[in-house]
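Hi,

Here is the structure I promised to send over. Have a look at it first, and then read on for my notes.

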Amino acid sequence: MTPRPAAGRAGGPTPKRGPRRVQGRSRPARRRRRWLHRTLVGLALAASAAPLAYAARHADALAIETIAVSGHARMSQGELLGLLAPLRGENLLDANLDGARAALLGSGWIREAALRRVFPSTVKVRVIERSPVALARFGERLYLMDADGYLIDQFGPRYAEIDLPIVDGLPAPAETDDGVVRDRRTALAARVVAELAADPALAARVSQIEVTDPHDAVVLLSGDPALIHLGETAFAERLRAYIDVAGAIRRGVSSVDAVDMRFGRQVFVRPAALDGMSPDRR
């Protein structure tokens, strides 16, 4: 009796599946070995890095020796380094740069500041200063003010070379919470200054700007006691128009208190008091 062929291909040998089952069972073992190797290497690196990190944070070579400041024009190098003095001698890795930046921004002149570490022992500092555009008057005091209404510093002898128009009619500093005069009147004064800045010769003639009415900027020119009402637009155009007709106005009205230039070709003139004495405007 002839034996029957084994299961598989007709007349072929029985397939050998054993080796494939052995290979399949070996893969998890290899993965476990790789994971164990990586874990051991990682632990070894961490163990060796900890002493290095400790040594780096306590190395005298990383003590801050140089603080390089740039971008300043109004504040002196000494003033800025004084604000940054707590950094000197600190470890470069641990130095509180955020605290140093906050100290810089605490100065009225500094609008923005950026600090960065430069190994092995230097901190580089870049500052952007505020630019005053006017002198804000509150009672008997004058303050340097930027275009955003920020009160930079009280005006005094150290700023004697700064020649800017005085702005009256702003809300008192006590009404603000962070040294910024946020008000429509501040915005009006800033627009007047910005527009006149395009004509330096014209801007140089302006001595005062009154913004009590947020819809009407009133200007005083040097050597001219007349209050010039310019409204809230076209400041330079209206001021030039006044200068063109000022002579004719003086010939018709000997003592002028105010001139209203808000109505195009129509110019309204208000004479001074009958005794010829106009109120003190400055």
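Below is what turned up when I went through the model.

One thing before the details: this is a predicted model. The chain has 6 helices and 12 strands, and 33% of its 282 residues are buried. If you take the contacts with a separation of 6 or more, 47% of them join residues 24 or more positions apart.

I spent most of my time on helix H4, which covers residues 184–196. With 13 residues, H4 reaches 18 Å from its first C-alpha to its last, close to the 18 Å expected at 1.5 Å a residue. Its buried residues are Thr186, Leu188, Ala189, Ala190, Val192, Val193 and Leu196. As background for reading that list, residues three or four places apart in an α-helix point the same way, because there are 3.6 residues a turn.

How do H4 and H6 cross? Their axes come within 8 Å, at an angle of roughly 70 degrees. An angle of 65 to 115 degrees counts as roughly perpendicular, so that is how H4 and H6 sit relative to each other. On the H4 side, the residues involved are Leu188, Arg191, Val192, Glu195 and Leu196, and they meet Phe235, Ala236, Glu237 and Leu239 in H6. Sorted by class, this contact has 6 nonpolar and 3 charged residues, with no polar ones. Leu188, Val192 and Leu196 are also among the buried residues of H4.

Threonine 186 is another residue of H4 to click on. Its relative accessibility is 4%, so threonine 186 counts as buried. Leaving aside neighbours within four places in sequence, threonine 186 is in contact with Met145, Gly149, Leu170 and Val181.

Gly149 comes up again with valine 180, which lies in the loop between strand E7 (166–168) and H4. Which residues does valine 180 touch, not counting those up to four places away in sequence? They are Asp148, Gly149 and Tyr150. Valine 180 and glycine 149 are 31 residues apart along the chain, yet their C-alpha atoms are separated by 5.3 Å. Valine 180 is buried too, because its relative accessibility of 12% falls under the 20% cut-off.

Now for two backbone oddities. Most residues other than glycine have a negative phi, and most peptide bonds are trans. Alanine 234 has a positive phi of about 50 degrees, although it is not a glycine. You'll find alanine 234 in the loop between strand E10 (227–229) and H6, partly exposed with a relative accessible area of 25%. The other one is the peptide bond joining phenylalanine 119 and proline 120, which is cis, with omega at about 10 degrees. Proline 120 lies in the loop between strand E2 (110–118) and strand E3 (122–129).

Last, the aromatics: the count comes to 3 aromatic pairs. One of them is formed by phenylalanine 263 and phenylalanine 268, with 5.6 Å centre to centre and 85 degrees between the planes. That makes the pair edge-to-face, because planes over 60 degrees apart count as such. Phenylalanine 263 is partly exposed at 44% relative accessibility, and phenylalanine 268 is partly exposed as well, with a relative accessible area of 45%.

Over to you!

Terms used:
Residues are numbered from 1 along each chain as its sequence is written. This is a predicted model: local features need pLDDT of at least 70, side-chain atom pairs count only at pLDDT 80 or more; totals for chains, interfaces and linings use all residues. Side-chain values use heavy atoms; hydrogens and water are left out. Helices (H or I, at least four residues) and strands (E, at least two) are DSSP runs, numbered from the N terminus. The expected span of a helix is 1.5 Å times one less than its number of residues. Buried means under 20% relative accessible area, exposed over 50%, partly exposed in between (1.4 Å probe, protein chains only). Axes are lines fitted to C-alpha atoms, for helices over the stretch in contact, and angles run from 0 to 180 degrees between N-to-C directions. Angles under 35 degrees count as roughly parallel, over 145 as roughly antiparallel, 65 to 115 as roughly perpendicular and the rest as oblique. Contact means heavy atoms within 4.5 Å. Ala, Val, Leu, Ile, Met, Phe, Trp, Tyr, Cys and Pro count as nonpolar, Asp, Glu, Lys and Arg as charged, and the others, Gly among them, as polar. Rings of Phe, Tyr and Trp (its six-membered ring) pair if their centres lie within 6.5 Å; planes under 30 degrees apart count as stacked, over 60 as edge-to-face and the rest as tilted.
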